[in-house]
Every structure is written in structure tokens, then in C-alpha cells.
Amino acid sequence: MIVGMRFVHDTLPQRVCFGSGQAADSLAREAGRLGAGRVMLIASPGQQRLAREITRDVPVALRHDEVVMHVPAEVAGRARQAAAEHAVDALVSVGGGSATGLAKAVALTTGLPVLAVPTTYSGSEATPVWGLTEGARKTTGTDPRVLPAVIVYDASLTLSLPVALSVASGLNALAHCVDSMWAPGADPVNTALAAEGIRALRAGLPRIVADPLDLDGREHALYAAYLSAAAFASAGSGLHHKICHVLGGKYNLPHAQAHATVLPYVLAFNGPAAPAAEQRIATALNDTAANDTAANDTALNDPGRALDRLLALARELDAPRALADYGFTADSVDTAAEEILPSVPPSNPRPVTVEDLRRLLHAAWSGADPRTVG
Ligand code: NAD
């Protein structure tokens, strides 16, 4: 039999525990399984109370609360020193990607196992990617030591995430999914994960906007956060992530909001050159419980364009629209475009010039209609 499908896919070794209201029990059980006796608990000051509650049955030897977005090198240095001074044997992070990122920075040099309890949809917990910022330059790398051994997903911990941040963070997860469709390591497994992630976000995010305490909506989003990151972890960074990497590291833009803003522009740019991916994204964005009436059968059969679907969702969610709202300035466009260009994957569905990047960034800066960059 001759078949055309050929791929090599790495599946990452992680234990994923998912259950609302289960964080404390899961953490105690999983810390025990790992034989942890002296745990370093990493959580920002605002998350310390929650962290204390869910680690009540975990042997915590050290509480560390210096958590800063994009992990400045000196912050990582202090956390590593504290870990060594207290002879900890495991790391528990409670919080968003910034808390997870700090735990990863400690794991990178110590090899200590990480148990991650995410409270946003950033997905950092499901990737072996670490990031450190020195001055205005963000360095990232991939190392199996930083992949959390255990993820504890408890959607009840995300109920307090403000709606605007939930939307931005959920669209950060959506960006992992969309970029995975054409990233250098895209394969049938990670694109399947990504498509299911898009479906779950399409179902969950509007429910969170309608009612931030909707646990079912939160579970959909958190489930999607995992899928999106599992897809991204094996597909690698596509054009979208290369752009946002520079925006976060050099211009210190808030991570989730930058991703949420840039995504429609990258989809507008790449979509027409990647018809199979575009169709898959459109179908996933169209496949919601809201479409299960007979009247919507036609819409289900014809998902339309992915960009139209994404823009409709963004309007429904009142999503971030312009990088100018987050501190990016028009006079940074040229420098940013030049810095991004060398990192654009050669396998991007269409060639990218510095002028393309300028046009894309300028439109994203002002919040212009993304269709103008297609
Ligand atoms: P974050 O962790 O900085 O959190 C954003 C804000 O939300 C913070 O003020 C935090 O205290 C607050 N917050 C978090 N959870 C909350 C909750 N449940 N209720 C109320 N407030 C809450 O932001 P993020 O977007 O989750 O993560 C961004 C960082 O993660 C960046 O540094 C980014 O580079 C990194 N990241 C890394 C990867 C990777 O694979 N390595 C993937 C995604 C993001």
C-alpha cells in the first residue's frame, strides 16, 4: 500500500491533571509521586494567597514572589540563588506564563522538576521553551529540562482572571494554534491538536465574556490552552511568534495583548498563501455549539474565510485591536521590521520582505483593517 502521509512527530513526556476544584489534591498527590520534600513555591504577590491554599498539603520550604514578565536575567539569578540556599528539590509555579517562566529559568540551570499550575491561557506550561530578557533583548531556547513534569489544570483558579485579560490570553492560545498550522514543524498531529484548540476557544471565550464565572467556558479555554501549547511546542515558531518575540523582548509589550493584536494581521498575510491551513482554521472557527441549528447547516458546510471568522470573533470578544494601545510607537516600526526579518522561517507559506513586515506592523500599530495587509 502506498500512502502519502509522512512525518516525524515528538510527543513530549508530561503528566497532565485536569479537573476543576482539584488543584490542592492533585498537587499533593503529584508532589508525593515525585518524592518532593522541599518545594520552592513561585507565585507573584497577588497570587500568594491562592498558592498557599492549593499547596496546603505540599512540603513548601520556600515561597518566592519576585515574578516579572519576560523573566529579566537578574530576577532569574535571584530565584536560582534562593533555590540553592534552601536546597529545594522541586519547583511549583502558580500563575500565568510569567510565574511558569521563572520556574523554567530555575529548572534550566538546576534540572529541578517543575509542577506548573497555570492561571492564564498562555500555555507556557506545556512547552520546553524558556525565555530570559537581558536589557532589551529577549533570548529563548528549548531544553527538555524546563518542560514541567506535571501540569495541574484547575479552571476554578482562572475565574478571577479579568475578562479583558482572559480574552487576550485566550487569543494568545489561538495564536499558538493558528501559527502551528504553518510553522516549520507543522505535521498532521500538531495541526489536529491546533484545530481542536481553535474549536474549544471558539466555544469557550464568548461564554467567559458573557459571564466570567462560567466554569464550563473557563474549562474549554484551559483545555484549549493545553492543546494550543502542545501544538506549538512541536510545530515551533512561525511568522506570528517571530514577530511577537521581538515586540515582547525589545519593546516590552504585554505578551498576551501583543499576540491578540498581531494575530489577524498574520492570518491576513499568510492565509491566502496557505489555503489548506486557512480552510482548516475557518472550519474550526465555524464549528461551535451555536451552529448546531438547522438554519446554520449551510454555514457549517461553508465556513467562509478564516480571517472573516477571526475578525467576527474578535468583535464579539472586544479583543485588543492596536499595538499603539500597548505602548508600541509608529517610529519603532522600521527597526522592529528589520529585527524580525532574519528570524522569519524560510518555510513560511509566502516569502516575507522587510517592506511586508513594515506594512504589517504599521497596520497592527494603528489597528487598521487587517485585510489591507493581505
Ligand atoms: P502573566 O503571567 O504576566 O500574567 C498577566 C497578569 O495576570 C499578571 O498581572 C498576573 O498576576 C495576572 N493573573 C494571572 N492569573 C490570574 C488570575 N487567575 N486571576 C487574576 N489575575 C491573574 O502573563 P501571561 O500572558 O500568562 O504570560 C506571559 C509570559 O509568559 C511572557 O513572558 C511570555 O513570554 C511567556 N510565555 C512563554 C511561553 C513558552 O512557551 N515559553 C508561552 C506563552 C507565554
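Does Glu339 count as buried, partly exposed or exposed, and at what relative accessibility? Glu339 counts as partly exposed, at 26% relative accessibility. The legends below describe close-up views of a predicted model.

**View 1. A salt bridge joins Lys250 and Glu339.** The two side chains meet at an N to O distance of 3.4 Å. Lys250 belongs to helix 8 (residues 239-251) and Glu339 to helix 13, so this contact ties together parts of the chain that are 89 residues apart in sequence. Lys250 is partly exposed, with a relative accessible area of 31%. Glu339 falls in the partly exposed class as well, because its value of 26% lies between the 20% limit for buried residues and the 50% limit for exposed ones.

**View 2. Arg29 and Glu30 form a salt bridge.** Their closest N and O atoms are 3.0 Å apart. Glu30 is buried, with a relative accessible area of 0%, whereas Arg29 is partly exposed at 42%. A search of the whole structure finds 17 salt bridges.

**View 3. Arg371 is paired with Asp369 in a salt bridge.** The closest N and O atoms of this pair lie 3.2 Å apart. Arg371 counts as partly exposed, with a relative accessibility of 43%. Asp369 is likewise partly exposed, at 38%. Elsewhere, Arg15, Arg29, Glu30 and Arg33 are joined into one network by salt bridges that share partners.

**View 4. The second largest pocket is lined by 18 residues.** About 290 Å³ of space lies in this pocket. Of the lining residues, Pro264, Leu311, Ala314, Pro320 and Arg321 lie nearest the centre of the pocket. Helix 9 (255-270) and helix 12 (306-317) each supply at least two residues of the lining. The largest share, five residues, comes from helix 9. By residue class, the lining divides into 12 nonpolar, two polar and four charged residues.

**View 5. Asp318 has a positive phi although it is not a glycine.** The phi value of Asp318 is about 55 degrees. Asp318 lies in the loop between helix 12 and helix 13 (333-340). With a relative accessible area of 68%, Asp318 is classed as exposed, because this value is over the 50% limit.

**View 6. Ala87 is a residue other than glycine with a positive phi.** Its phi is near 50 degrees. The loop that holds Ala87 runs between helix 3 (73-85) and strand 4 (90-95).

**View 7. Met5, Phe7 and Val189 make a nonpolar surface patch.** The patch covers about 270 Å². Val189 is found in helix 6 (residues 188-210). At 31% relative accessibility, Val189 counts as partly exposed. Val189 can therefore take part in the patch, because its value is over the 30% relative accessible area that patch residues must have.

Definitions and conventions:
Residues are numbered from 1 along each chain as its sequence is written. This is a predicted model: local features need pLDDT of at least 70, side-chain atom pairs count only at pLDDT 80 or more; totals for chains, interfaces and linings use all residues. Side-chain values use heavy atoms; hydrogens and water are left out. Patches are made of residues with over 30% relative accessible area and no salt bridge: like charges are joined within 9 Å, nonpolar side chains (Val, Leu, Ile, Met, Phe, Trp, Tyr) within 5 Å. Accessible areas come from the Shrake-Rupley method with a 1.4 Å probe; for residues, only the protein chains shown count as cover. A salt bridge is a side-chain nitrogen of Lys or Arg within 4 Å of a carboxyl oxygen of Asp or Glu. Helices (H or I, at least four residues) and strands (E, at least two) are DSSP runs, numbered from the N terminus. Buried means under 20% relative accessible area, exposed over 50%, partly exposed in between (1.4 Å probe, protein chains only). On a 1 Å grid over the protein atoms alone, a cavity is a set of points where a 1.4 Å probe fits but cannot get out, and a pocket is an open set with protein on both sides within 12 Å along at least five of seven lines; lining residues have an atom within 4 Å of a point. Grid points are joined across faces, edges and corners, and a volume is the space filled by probe spheres set on the points. Ala, Val, Leu, Ile, Met, Phe, Trp, Tyr, Cys and Pro count as nonpolar, Asp, Glu, Lys and Arg as charged, and the others, Gly among them, as polar.
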